[in-house]
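Work through the exercises below with the sequence and the coordinates at hand. Each task is followed by a solution that proceeds step by step.

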Amino acid sequence: MGSRASTLLREEEIEEIKKETGFSHSQITRLYSRFTSLDKGENGTLSREDFQRIPELAINPLGDRIINAFFPEGEDQVNFRGFMRTLAHFRPIEDNEKNKDPTASEPLNSRSNKLLFAFRLYDLDRDDKISRDELLQVLRMMVGVNISDEQLGSIADRTIQEADQNGDNSISFNEFIKVLEKVDVEQKMSIRFLH
Amino acid sequence: MGWFLLPFDNLLCIVLGISFTVGFSSLLVIVVPAVLGVSIGIRRLYMKSLLKVFEWATVRMERGAKEKNQHLYKPYSNGIIAKELSSLEQEIQELRASGTTLSSEPEFEMADIMYFCRRGVESIVDDEVTKRFSAQELESWNLLTRSNFNARHISLRLSVLWGLGLFIRYGFLLPLRVTLAASGIGLLVVLTTIVGFIPSGWLRTYLSEKIHLMSYRICVRSLTAIITYHNSENKPKNGGICVANHTTPIDVIILANDGCYSMVGQIHGGLIGVVQRAMVKSSPHIWFERSEVKDRHLVAERLSNHVADKTKHPILIFPEGTCINNTSVMMFKKGSFEIGCTVYPVAIKYDPRFGDAFWNSSKFGMVNYLLRMMSSWAIVCSVWYLPPMSREEGEDAVQFANRVKAAIATQGGLVDLLWDGGLKRGKVKNTFKEEQQKLYSKVLVGDQEDQGEDRPQEDEEEEEELEEGDQNEDRPLEDYTPRPLEDCSLRLQEEEEERGSETPMKDQ
């Protein structure tokens with residue numbers, strides 16, 4: 001699998017991705033190798049089918065939503081840059097300490113960006129609000145057929161009630177942040193990438 | 001113009017003469033010991049010298065990379081990420097700020113999705129299954145382009161060495177090996193047909209064994225396979241079934257080199273069909289017509305009849321059903337374990353430094369694969385014969401299969417996975433997603449749901465893995481036919497149709 005990896009990724013590209021995402025050189029080459037191994041069509045981009053071929057992802061109840069998060073609005077293919085940009089959300093925050101550049105824009109793996117990623121898993125239509133229907137959809141995906149509609153409906157209602165502050169019966173991003181302020185987002189939404 | 005060509009003519013003659021002599025003498029040196037069943041030790045010497053060359057090449061490569069200040073791509077065998085190995089319940093409890101356990105009110109927190117989200121992205125970056133279907137990555141370079149990381153451009157000496165290696169492999173080794181293989185197979189076909197005319201009896205059995213062994217020995221030499229057999233006291237005996245992990249169609253040759261087995265498979269057309277028909281004339285192999293393969297009872301019956309007859313050789317079966325890349329052992333199909341006879345497990349582990357033996361059937365056809373095999377340096381492997389196992393009281397076929405699989409995995413140093421090798425081509429069943437959903441629902445609403453579905457392994461490591469209970473219900477006979485023959489037929493016969501509508505769809 002490593003046979004062609006480093007030859008097709010140019011040094012300049014690696015540098016750019018490093019700046020944008022914060023991954024190290026070896027992590028980027030390693031992830032590129034993974035990208036190419038998923039890319040069965042060998043055209044430099046991944047489609048939804050390529051992701052669905054991963055069995056562990058296919059059995060994940062939220063698999064489809066997660067796959068969706070990799071694809072920019074309305075597109076069906078994701079290239080390596082996009083792939084890395086999405087994965088960058090899951091870098092641990094501690095790794096940022098070395099390059100504290102106050103003028104740089106907020107890193108992709110900041111707490112706020114991680115929360116935004118999670119928010120977007122709920123908010124399918126990207127209207128910056130989680131409506132009752134959207135919440136129900138995600139709940140249904142996670143519990144399958146094991147909970148009745150009524151019970152699920154009441155769970156959703158209660159959740160919105162607890163979170164909603166401005167009374168519009170939906171959860172905005174700020175309300176979402178407030179609900180999750182006690183949760184250790186940095187740790188729960190981070191993957192330990194080996195160097 | 002004539003005088004121009006004279007020296008070339010002479011030169012040509014000399015070159016041809018030399019190559020023929022060299023070729024012929026090498027053939028003799030190889031074939032004669034094969035026929036007699038003796039080993040001179042040339043191959044081991046060859047292996048040791050190759051290893052020394054590889055080490056030198058790796059050192060030079062690292063030095064060269066440092067000089068040029070290039071980053072050398074090094075595959076890390078310990079993975080890309082470190083995964084959290086905690087269960088769904090544990091993680092969700094940690095996510096909950098309150099930390100209260102089961103109450104009558106369903107508890108849902110919006111943060112719950114983070115568990116699934118992280119697990120999902122972890123599996124995108126590194127999953128246990130898809131990497132088993134492609135060749136293993138090597139730590140050091142073995143002078144084959146197919147496994148390198150562009151290392152040959154690093155230093156001049158290395159490039160020269162690589163070029164030399166190329167010439168030796170393709171110019172000398174490959175033609176030699178192809179000739180050997182052709183003669184081996186030819187001999188097998190001709191001699192077994194002849195022996196087929198002898199009436200049944202001890203003479204026929206004796207001759208047929210000798211012929212089979214001899215041809216396999218020639219084939220083994222044609223691949224320059226250097227095999228170490230361990231624990232030969234456990235070799236499979238008549239009236240049993242031999243099961244092994246599957247990496248390549250060559251596994252058959254490697255095992256048959258050391259003992260006589262009866263093969264199981266679907267009968268093909270073409271060259272392989274000729275070989276199959278010839279083999280069955282002198283010793284009882286179990287070949288199925290395509291139509292018979294789907295009939296589960298017929299297959300079980302034929303296998304049982306075969307093992308009941310103690311004069312017949314042990315059956316060789318690869319229960320994984322497809323080729324895996326020799327880093328792990330995947331789900332064993334329970335069919336062979338239902339017959340109720342002694343099972344002789346065998347573990348086969350290839351040394352990838354000399355040439356990767358794994359057959360990636362979605363990437364290479366059979367002929368392409370054989371050519372790659374014959375142009376590698378060598379195929380080095382170890383075969384361990386494990387003590388025989390039988391089904392115990394109160395154990396069903398699936399548990400027995402898993403026990404055998406665990407034994408093989410431990411011996412071969414392979415990862416023991418419960419995933420189905422059929423995932424190479426098919427989609428995973430929805431039941432596993434449903435299990436995840438069920439687990440999560442339990443966390444939400446507590447233990448009000450009935451816990452009647454006893455899953456034999458409730459422990460967390462396996463919650464996401466295959467559940468045996470419902471795995472093979474709608475898969476009649478893939479259990480018995482080794483996949484490599486089937487894959488092979490996919491290449492040889494263009495009009496191949498889907499292998500039964502029950503199998504999950506095969507694309508690519």
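The exercises that follow concern a predicted model, and they treat first the interface between two chains and then the annotated spans.

**Exercise 1.** Describe the extent of the contact between chain B and chain A, in residues and in buried area.

*Solution.* Begin with the residues: chain B contributes 62 residues to the contact and chain A contributes 65 residues. Turn next to the area, for the size of an interface is often given as the accessible area lost when the parts come together. The area buried between chain B and chain A is about 5900 Å², and carbon and sulfur atoms give 67% of that area.

**Exercise 2.** Find the salt bridge between chain B and chain A, and state how many residue pairs are in polar contact across the interface.

*Solution.* The count between the two chains is 1 salt bridge. Asp127(B) forms a salt bridge with Arg34(A), and the closest N and O atoms are 2.8 Å apart, which lies within the 4 Å cut-off for a salt bridge. Across the interface of chain B and chain A, 11 residue pairs are in polar contact, with both residues of each pair at pLDDT 80 or more.

The elements giving two or more residues to the side of chain B that touches chain A are strand E1 (81–82), helix H3 (88–95), helix H4 (113–125) and helix H12 (430–445) of chain B. Of these, H4(B) gives the most, with 12 residues. Sorted by class, this side of chain B has 28 nonpolar, 13 polar and 21 charged residues.

**Exercise 3.** In which sense do strand E5 of chain A and E1(B) pair, and which residue stands opposite Ala82(B)?

*Solution.* Strand E5 (residues 192–193) of chain A and E1(B) pair in the antiparallel sense over 2 bridges. Within this pairing, Arg192(A) stands opposite Ala82(B) in E1(B).

**Exercise 4.** Set the UniProt annotations beside the secondary structure of the spans they cover.

*Solution.* For chain A, the unreviewed UniProt entry places "domain: EF-hand" at residues 26–61, 110–145 and 151–186. Residues 110–145 of chain A are 67% helix and 6% strand, with end C-alpha atoms 36 Å apart, while residues 151–186 of chain A are 61% helix and 6% strand, with end C-alpha atoms 31 Å apart.

For chain B, the unreviewed UniProt entry lists "transmembrane region" at residues 14–42, 154–172 and 178–203. Residues 14–42 of chain B are 83% helix and 0% strand, and residues 178–203 of chain B are 77% helix and 0% strand. UniProt also places "domain: Phospholipid/glycerol acyltransferase" (unreviewed entry) at residues 240–351 of chain B, a span that is 29% helix and 23% strand.

Key. Residues are numbered from 1 along each chain as its sequence is written. Chains are lettered from A and ligands numbered from 1 in the order in which they are written. This is a predicted model: local features need pLDDT of at least 70, side-chain atom pairs count only at pLDDT 80 or more; totals for chains, interfaces and linings use all residues. Side-chain values use heavy atoms; hydrogens and water are left out. Contact means heavy atoms within 4.5 Å. Buried area is the accessible area (1.4 Å probe) that two parts lose on being put together, summed over both. A salt bridge is a side-chain nitrogen of Lys or Arg within 4 Å of a carboxyl oxygen of Asp or Glu. A polar contact is a pair of N or O atoms within 3.5 Å; within protein, one must be able to donate a hydrogen and the other to accept it, and residues adjacent in sequence count only if both atoms are side-chain atoms. Helices (H or I, at least four residues) and strands (E, at least two) are DSSP runs, numbered from the N terminus. Ala, Val, Leu, Ile, Met, Phe, Trp, Tyr, Cys and Pro count as nonpolar, Asp, Glu, Lys and Arg as charged, and the others, Gly among them, as polar. Two strands pair if DSSP finds at least two bridges between them. UniProt positions are given in the numbering used here, feature names are shortened, and annotations may be inferred rather than shown by experiment.
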